[in-house]
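Reader: I'd like a close look at a single part of this protein rather than a tour of everything. Could you take me through it slowly, and then show me how it sits in the rest?

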Amino acid sequence: MSTASAPSTLFEEIATLFASAPSPQMIVDFHPSQASIDRASELLELNRQNQLTEESREELHQFEQAELLMRLVKARIRAAEAAKKSPR
């Protein structure tokens with residue numbers, strides 16, 4: 001039986017982005033919504049105060065994983081673009 005929580009709003013935003021068949025530039029230009037930024041800030045503050053519940057700790061972990069995923073994807077897009085531009 002799974003105990004996984006619902007995906008964070010940031011994961012929802014990323015899923016919506018990828019479902020729209022974006023161009024590489026659209027992915028590079030992606031930024032989370034202000035609501036996601038505010039929620040992540042709230043969770044980070046609760047973490048600093050050592051006041052995270054288990055549920056909010058999982059939500060913070062999801063934000064961290066989503067950020068890591070987007071950094072990796074964006075880095076690979078930028079590397080591919082740089083490789084196209086460099087002379088062989």
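Which residues are buried in helix H1 (residues 9-19)?

Author: Bear in mind that this is a predicted model. In H1, which covers residues 9-19, the buried residues are Leu-10, Glu-13, Ile-14 and Leu-17. They sit on the same side of the helix, because the arc they cover around the axis is only 95°. Turn H1 around and you get the other face: Thr-16 and Ala-19 are exposed there, pointing away from the buried side.

So much for the helix on its own; now its cover. The buried residues of H1 are covered by parts that include helix H2 (24-28), helix H3 (34-48) and H4. For a feel of the spacing to H4, take Leu-68, which belongs to that helix (residues 54-85). Between Leu-68 and Leu-10 there are 12 Å from C-alpha to C-alpha, with their positions 58 residues apart in sequence. Leu-68 itself is partly exposed, because its relative accessible area is 44%, which falls between the 20% limit for buried and the 50% limit for exposed.

Next, look at what comes just ahead of the helix. Ser-8 lies in the segment before H1. Is Ser-8 buried or exposed? It counts as buried, because its relative accessibility is 4%, and the cut-off for buried is under 20%. Leaving aside residues up to four places away in sequence, Ser-8 touches Gln-62 and Phe-63. There is also His-61: its C-alpha atom is 9.4 Å from that of Ser-8, although the two are 53 residues apart along the chain.

At the other end, just after H1, comes Ala-21, with a positive phi of about 55°. Most residues other than glycine have a negative phi. Ala-21 is not a glycine, yet its phi is positive. You'll find Ala-21 in the loop between H1 and H2, and it counts as exposed because its relative accessibility is 66%.

Another residue invites a look alongside Ala-21. Asn-50 also has a positive phi of about 55° without being a glycine. Its place is the loop between H3 and H4, and at 68% relative accessibility Asn-50 counts as exposed.

Now step back to the whole chain. The protein has four helices and zero strands, so the order from the N terminus is simply α-α-α-α. Its radius of gyration is 16 Å, well over the 12 Å that the globule rule gives for 88 residues, so the protein is more spread out than a compact globule. Along the principal axes, the C-alpha atoms fill a box of roughly 55 × 30 × 25 Å.

How much of it is tucked away? Of the 88 residues, 25% are buried. Among the contacts with a separation of 6 or more, 56% are between residues 24 or more positions apart.

Last, the outside. The accessible surface comes to about 6,500 Å², and carbon and sulfur atoms account for 57% of it. As for charges, the protein has 10 positive and 13 negative ones, and their mean positions are 13 Å apart.

Technical notes:
Residues numbered from 1 in each chain as written. Predicted model: local features only at pLDDT ≥ 70, side-chain atom pairs only at ≥ 80, totals over all residues. Heavy atoms only, no water. Helix = DSSP H or I, 4+ residues; strand = E, 2+ residues; numbered from the N terminus. Buried < 20%, exposed > 50% of the residue type's maximum accessible area, 1.4 Å probe, protein only. Arc of directions from axis to C-beta. Contact = heavy atoms within 4.5 Å. Rg over C-alpha atoms; globule rule 2.2 N^0.38 Å. Areas by Shrake-Rupley, 256 points an atom, 1.4 Å probe, with all protein chains shown as cover. Lys, Arg positive; Asp, Glu negative; His and termini not counted. Charge placed at Lys NZ, Arg CZ, Asp CG, Glu CD.
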